Every structure is written in structure tokens, then in C-alpha cells.
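Reader: Pick one part of this model and take me through it closely, charges and packing included. Keep it casual, but give me the cut-offs as you go.

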Amino acid sequence: MQRTALILAIVATALALACGIGPMPDEDGNSAAAAENSANPSIPEFSLRDLDGKTHTNADIEGKVVLLNFWATWCGPCKIEMPWFVDFQRKYKDRGFTVLAVSLDEDGWDPVREFAEKMEFNFPVLLGDDAVSDAFGGIMVLPTTLIVNQAGKIVFTHQGLVAKATYEEEIEVLLDVNATASL
């Protein structure tokens, strides 16, 4: 029942966008008009360092579909879904998709680095803190995953473990909407 409702919501969103109901590119084909969608909140400004010391900001994900995951090395459900995210990054990276994994481990980089190496992450692993959690509305459950569209709007939010197929359906819908909008 819940899966059917999700599929119907995804299909309705895709149809609405394809039919011109909701955000679409402006007459010049730019996505600026799409960014004005007020139905979904924008992700807040962020600036976080990855394992290599590189700083990542909103500008790095502009125009991409993003799976933004808040997790911790001690979180059992997080350990289950991380291999899925590695698969998604491999499968969709060439279609304008990326994963950003924000660790909320309080012990700093050491456990995160060890876990990331073991899991062979192929996406940026960032270290967050209480300020980052607060900026994103107060992350109270791990994992918490936001699926963000090309305009930087949060389209789907999940708390706790979600089926891999659910994430995949949402990512594909957003990637397909982008492909349809650019025709």
C-alpha cells in the first residue's frame, strides 16, 4: 500500500512537470525558472570538508540530482544502505547525479576515514556537526536522507532505513524530469 502511494506520487509529480504544471525552464531553456519552485524547500548553504580536505559547497552540486545522506559509523541502518549509495554513484554519475554523505560522528575523522576506506566510497564523505544538523532542520534520526533536485530543492526526505528501490525510483524520476525538461 505504501509503495503504491509512493509510486503514484512520483508519477503524478513527473506528469505535472512534463505537462508544464510546476517548475519548467524559462523561454531561454535555463533552469532559473525551475529554481523558483516554492513547494519544496531549498537546501541551506553549506561548506564542508571531505576526507581529503577539499571544501564542498552548494555550488558543487548545482544542476545535479543529489542524494544527501546524514549518517554515522555506529549506525546499523547506515551500514546497510551505504553499499547502495556506492552503486547509485556508479550507475548515475554520468547523468548528473551525485551522493554526498555527511557523517555526524562525534569522534571526528578517524572512525569515518576507516569506515570510508573499508566501504570503498566513490563519492564525497563530509564531516558535519550540530550546526550542520541544525541548518538542515535538526537531524534527529540516522540515517536521514534528502533527495535534492537540480534546482537545489528538497523533493524527498527519508528518516531511517528505506528500501533501495525507493531511492532508485526517486532518483530516476528526477533524472528523467531533467532529461524531459531539456528536450
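Author: Let's start with the charges: Asp87, Arg90 and Lys164 are linked in a network of salt bridges. A salt bridge here is a side-chain nitrogen of Lys or Arg within 4 Å of a carboxyl oxygen of Asp or Glu. Side chains of opposite charge can pair when their charged atoms come close. Before going on, the ground rules: this is a predicted model, where local features need pLDDT of at least 70, side-chain atom pairs count only at pLDDT 80 or more, and totals for chains, interfaces and linings use all residues. Residues are numbered from 1 along each chain as its sequence is written, and side-chain values use heavy atoms, with hydrogens and water left out.

Within that network, Arg90 and Asp87 meet at 3.2 Å, N to O. They sit three residues apart in helix α3, so about one helical turn separates them. Helices are DSSP runs of H or I with at least four residues, strands are E runs with at least two, and both are numbered from the N terminus. Arg90 is exposed, with 52% relative accessible area, while Asp87 is partly exposed at 31%. For those words, buried means under 20% relative accessible area, exposed over 50%, and partly exposed in between (1.4 Å probe, protein chains only).

The structure holds five salt bridges, and another one pairs Glu168 with Lys91, closest N and O atoms 2.9 Å apart. That pair links distant parts of the chain, with Glu168 in helix α6 (residues 164-181) and Lys91 in helix α3, 77 residues apart. Lys91 is partly exposed, at 48%. Then there's Arg95 with Asp176, at 3.1 Å between the closest N and O atoms. Arg95 lies in the loop between α3 and β4 (97-103) and Asp176 in helix α6, so this pair ties together parts 81 residues apart in sequence. Arg95 is partly exposed at 40%, and Asp176 is partly exposed at 41%.

Now the buried residues of α3: they include Trp84, Phe85, Phe88 and Tyr92. Phe88 has just 1% relative accessibility, which is why it counts as buried. Leaving out residues up to four places away in sequence, Phe88 touches Leu67, Lys93, Phe97, Lys164, Tyr167, Glu168 and Ile171, a contact being heavy atoms within 4.5 Å. Glu168 is a long way off along the chain, 80 residues from Phe88, yet their C-alpha atoms are separated by 7.7 Å.

As for the helix itself, α3 (residues 76-92) has 17 residues and should span 24 Å at 1.5 Å a residue; its end C-alpha atoms are 25 Å apart, which agrees. The expected span is 1.5 Å times one less than the number of residues. There's also a kink of about 30 degrees at Met82, shortly before Pro83; the bend is the angle between axes fitted to the seven residues ending there and the seven starting there.

A disulfide joins Cys75 to Cys78, S to S 2.4 Å, and the rule is a pair of cysteine sulfur atoms within 2.5 Å. The link is right-handed, with 75 degrees about the S-S bond, and Cys75 and Cys78 are both buried.

On confidence, the protein averages a pLDDT of 81, pLDDT being the predictor's confidence in each residue, from 0 to 100. Residues 1-38 stay under 50.
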